[in-house]
Amino acid sequence: MVGGFLAFFCLILLTAGMFWAIQGYVSYQKAVKEKPLAQAVEEIRSEAQWVPLKQVPDLYKKAVLAVEDHRYYTHHGIDWISMARAVVHDIRVMKPEQGGSTITQQLVKNMYYDQNKTLARKAAEAWTALYVERQLSKEEILELYINTIYFGDGYYGLKEASRGYFGKEPQDLTDSEAVLLAGIPNAPSAYAPSRHADLALQREKQVLAAMVKYGYLEQSETDSLLWDAAADPVLAR
């Protein structure tokens, strides 16, 4: 009896997954036909707030990888472990509640799709991410991602966020500021340091914990990297 129920449940999951995968593939094909990848990339690079990856602090990049996509350099656009966990959950509740998105998937969402969360849209993002990973290097993808993510307070991209929150260029960020900024895009309205300094600091602690977990930092280094809102010359005004 139990075995039959499990088999039926697995069949439902498979059928639903195939349905959304097909819908997503059609959406992906339409998206890249209407806006070729080269055009989408050029639109981002031509923005005034564009910042080259070589001007981005190394610690910021490590923080982003640790907290957003720690398997970034080993997957091809989709983290199948995270994706499978999220898909099973979302199909079970029949709505997209969990993430599982890689940096590449987050990039293509910003490049091609609106913010509506549907299972078909998640499938489209996955197809597009696989395509983008075949066309661009990991460094190019990371560079584009850093220049398109939203940091709250109307700031898009690292340059706008660095200037807006700290009054400086990305390459001039302190280590604590760089780590703090890496945590904001997860929930910009909650973690914007100009509005919720306490929540921003809590989020930074989560980022630091992830950096320790994935080998980017030693635990003994984390205390010196904590941001001090009261001491910040811009945000303390």
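This note goes through the salt bridges of a predicted model, with attention to where the paired residues lie and how exposed they are.

1. Side chains of opposite charge can pair when their charged atoms come close. In this model the count comes to 9 salt bridges, and the points below take up three pairs, among them one between Arg45 and Glu140.

2. The side chains of Arg45 and Glu140 meet in a salt bridge with an N to O distance of 3.9 Å. Arg45 belongs to helix 2 (residues 37-45) and Glu140 to helix 7 (residues 138-146), so this pair ties together parts of the structure that are 95 residues apart in sequence. Both ends are partly exposed, Arg45 having a relative accessible area of 33% and Glu140 a relative accessibility of 27%.

3. A salt bridge also joins the side chains of Asp58 and Lys62, where the N to O distance is 3.2 Å. Here the two residues both lie in helix 3 (residues 58-68), 4 residues apart, which is about one turn of the helix. Asp58 counts as partly exposed at 44% relative accessibility, and Lys62 is likewise partly exposed, with a relative accessible area of 29%.

4. Lys168 forms a salt bridge with Glu177, and the closest N and O atoms of this pair are 3.0 Å apart. The two partners fall into separate accessibility classes: Lys168 is partly exposed, with a relative accessible area of 22%, whereas Glu177 is buried at 6%. The cut-off matters for reading this pair, because a residue is called buried under 20% relative accessible area.

Key
Residues are numbered from 1 along each chain as its sequence is written. This is a predicted model: local features need pLDDT of at least 70, side-chain atom pairs count only at pLDDT 80 or more; totals for chains, interfaces and linings use all residues. Side-chain values use heavy atoms; hydrogens and water are left out. A salt bridge is a side-chain nitrogen of Lys or Arg within 4 Å of a carboxyl oxygen of Asp or Glu. Buried means under 20% relative accessible area, exposed over 50%, partly exposed in between (1.4 Å probe, protein chains only).
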